[in-house]
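Work through the following exercises with the sequence and the coordinates at hand, and try each task before reading its solution.

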Amino acid sequence: MAMMLSSGSINLLTRSVFYSKPNIEAKPVFSLLLKGRTVASSMSYAKELAAAKKAASLAARLCQKVQKGLLQSDVQSKSDKSPVTVADYGSQVLVSFVLKRELPFESFSLVAEEDSGDLRKQEGQETLQRITKIVNDTLDSDGAYNEFPLSEEDVLNAIDSGKSEGGSRGRHWVLDPIDGTKGFMRGDQYAIALALLDQGKVVLGVLSCPNLPLASIASSDRHAHDKVGCLFSAQVGWGTYMQSLDGAPPVKVHVSATENPEEASFFESYEAAHSLHDLSSSIADILGVKAPPVRIDSQAKYGALSRGDGAIYLRFPHKGYREKIWDHAAGCIVVTEAGGVVTDAAGIPLDFSKGRYLDLATGIIVTNKKLMPALLKAVRESLEAKASAL
Ligand SMILES: Nc1ncnc2c1ncn2[C@@H]1O[C@H](COP(=O)(O)O)[C@@H](O)[C@H]1OP(=O)(O)O
Ligand SMILES: [Mg+2]
Ligand SMILES: [Mg+2]
Ligand SMILES: [Mg+2]
């Protein structure tokens with residue numbers, strides 16, 4: 001039986017498979033920062049990281065507000081049939097606005113999921129008004145940027161500033177304003193995922209996960225899940241930190257250190273349409289994983305993995321699906337800086353320098369360095385068995 005992680009309730013019947021504590025080391029941040037000073041390359045991203053955290057936190061505030069009062073009329077249908085909400089657009093507007101305001105002297109390029117096409121049509125006018133109102137209300141509630149309300153045209157332009165193609169040159173922000181829209185609409189897990197590419201490499205990432213418990217989701221103590229709202233942040237060479245979205249100090253986190261697949265639990269998509277659950281199960285069986293899969297929406301999986309709530313993430317989209325860079329850039333650096341490894345199914349690191357898409361043959365696998373060789377072998381065997389059964 002699979003575990004489904006929803007925001008309010010975690011099925012505790014199968015809890016014996018989980019670890020009892022999140023893998024968090026509560027060290028004062030400044031001492032860690034001093035230690036990291038030798039990593040010269042990372043010094044230059046401190047102000048970008050601060051801006052990214054601010055942007056993703058403010059966007060989370062807007063999303064939380066919308067999720068609470070989610071109305072059927074907030075849902076539109078796009079040509080790809082994925083639901084797009086006022087919150088997707090509003091989050092993209094806020095992130096774009098805050099980054100530009102916080103980093104006024106830097107050139108700005110943003111690769112983001114949403115565009116304003118539907119909102120520029122007659123039938124999008126009511127939605128546009130609602131987005132403009134909620135964006136201005138959120139900016140007002142923050143107090144830092146409330147001198148002029150944004151107009152509807154400002155909102156459309158902010159959304160369209162996310163049209164960059166990215167690539168291997170220069171700096172590009174990469175944004176999924178709501179990752180896991182289906183989870184968001186169910187009231188479950190979702191994330192605001194923001195990363196920075198520099199010369200094609202992910203150099204920082206922030207994951208804002210408003211519904212993720214601050215304590216390990218592996219904990220069997222049901223009260224441990226009462227407090228929710230996590231902000232993960234990572235900068236190349238500096239490690240990964242987690243703090244609560246309400247502003248508590250960050251603590252450094254690490255992936256699970258387990259070498260034993262029998263102790264490992266694995267994460268996969270909540271939505272069967274997003275990943276082949278049968279293939280994940282066969283890989284887990286070959287590897288010797290005993291625990292049932294833990295199914296969570298969005299890049300919250302990468303966040304939970306970075307603090308050791310589980311040890312493996314398996315993602316095998318259905319044939320023909322093309323992965324986008326905004327669905328993995330922030331999650332990838334959050335896990336790698338916490339000591340994990342993120343590769344395609346052949347063990348090749350993900351390449352974020354090719355534009356808006358990741359060119360992947362099969363899937364994405366994530367685990368710690370010790371388990372990766374055995375996981376790769378299990379993946380290879382499962383894929384071979386699948387191919388020979390066709
Ligand atoms: N058919 C699909 N296969 C795989 N992933 C998908 C598919 N449709 C949407 N997604 C994207 O998968 C991610 C969430 O997947 P999961 O929760 O399974 O990890 C989201 O980025 C979601 O987009 P979106 O950002 O619009 O929610
Ligand atoms: Mg979408
Ligand atoms: Mg997404
Ligand atoms: Mg999205």
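**Exercise 1: a residue in a strand**

Ile178 is found in strand S6, where strands (E, at least two residues) and helices (H or I, at least four) are DSSP runs numbered from the N terminus. The structure is a predicted model, in which local features need pLDDT of at least 70 and side-chain atom pairs count only at pLDDT 80 or more, while totals for chains, interfaces and linings use all residues. Residues are numbered from 1 along each chain as its sequence is written, and chains are lettered from A and ligands numbered from 1 in the order in which they are written.

Task: decide whether Ile178 is buried or exposed, and list what Ile178 touches.

Solution. Begin with the criterion: a residue is buried if 20 or more other C-beta atoms, placed from the backbone, lie within 10 Å of its own, exposed if 12 or fewer do, and partly exposed in between. Ile178 has 30 other C-beta atoms within 10 Å and is therefore buried. Next, take two residues to be in contact if their C-beta atoms, placed from the backbone, lie within 7 Å. Not counting residues up to four places away in sequence, Ile178 touches Cys63, Ala87, Asp88, Ser91, Phe184, Tyr190 and Ile192.

**Exercise 2: a partner in a helix**

Task: place Cys63, one of the residues that Ile178 touches, and describe its surroundings.

Solution. Cys63 lies in helix H3, and it counts as buried because it has 28 C-beta neighbours inside 10 Å. Leaving aside neighbours within four places in sequence, Cys63 is in contact with Ala87, Ser91, Ile178, Ile192 and Pro210. Along the chain Cys63 and Ile134 are 71 residues apart, yet their C-alpha atoms are 9.7 Å apart in space.

**Exercise 3: recorded positions and the ligand**

Task: state which residues UniProt lists for "binding site", examine Glu113 among them, and then characterise the shell around ligand 1.

Solution. The unreviewed UniProt entry lists Glu113, Asp176, Ile178, Asp179 and Asp327 under "binding site"; positions are given in the numbering used here, feature names are shortened, and annotations may be inferred rather than shown by experiment. These residues are spread over 215 residues of sequence but cluster in space, with a largest C-alpha distance of 9.7 Å.

Glu113 lies in the loop between strand S5 (110-112) and helix H5 (125-142), and its 22 C-beta neighbours inside 10 Å are why it counts as buried. Apart from neighbours within four places in sequence, Glu113 is in contact with Asp176, Pro177, Lys324 and Trp326.

For the ligand, a residue is taken as near if its C-beta atom, placed from the backbone, lies within 6 Å of the molecule. In this sense 18 residues surround ligand 1, and the closest are Thr181, Ser269, His274, Asp297 and Asp327. Strand S6 (171-179) and helix H7 (181-186) each supply at least two residues of this shell. By class the shell has 4 nonpolar, 8 polar and 6 charged residues, where Ala, Val, Leu, Ile, Met, Phe, Trp, Tyr, Cys and Pro count as nonpolar, Asp, Glu, Lys and Arg as charged, and the others, Gly among them, as polar. At least three residues of the shell come from each of domain 1 (3-13 + 256-389) and domain 2 (25-253), with bounds from an automatic or database domain assignment.

**Exercise 4: the core and the domain contact**

Task: explain where the largest nonpolar core lies with respect to the domains, and describe the contact between domain 1 and domain 2.

Solution. A nonpolar core is a set of buried Ala, Val, Leu, Ile, Met, Phe, Trp, Tyr and Cys residues joined through C-beta atoms within 7 Å. The largest such core has 111 residues, of which Ala55 and Leu194 touch the most other members. Helix H3 (residues 46-68) gives the most to this core, namely 11 residues. Because domain 1 and domain 2 both give residues to this core, it lies between them. Leu194 touches residues that include Ala52, Ala55, Trp173 and Ala330, when those up to four places away in sequence are not counted.

The domain assignment of the chain gives domain 1 (3-13 + 256-389) and domain 2 (25-253), and their contact takes 36 residues from domain 1 and 48 residues from domain 2. On the side of domain 1 that touches domain 2, helix H9 (300-306) and helix H10 (329-336) each supply at least two residues, and the largest share, 6 residues, comes from H10. By class this side has 17 nonpolar, 11 polar and 8 charged residues.
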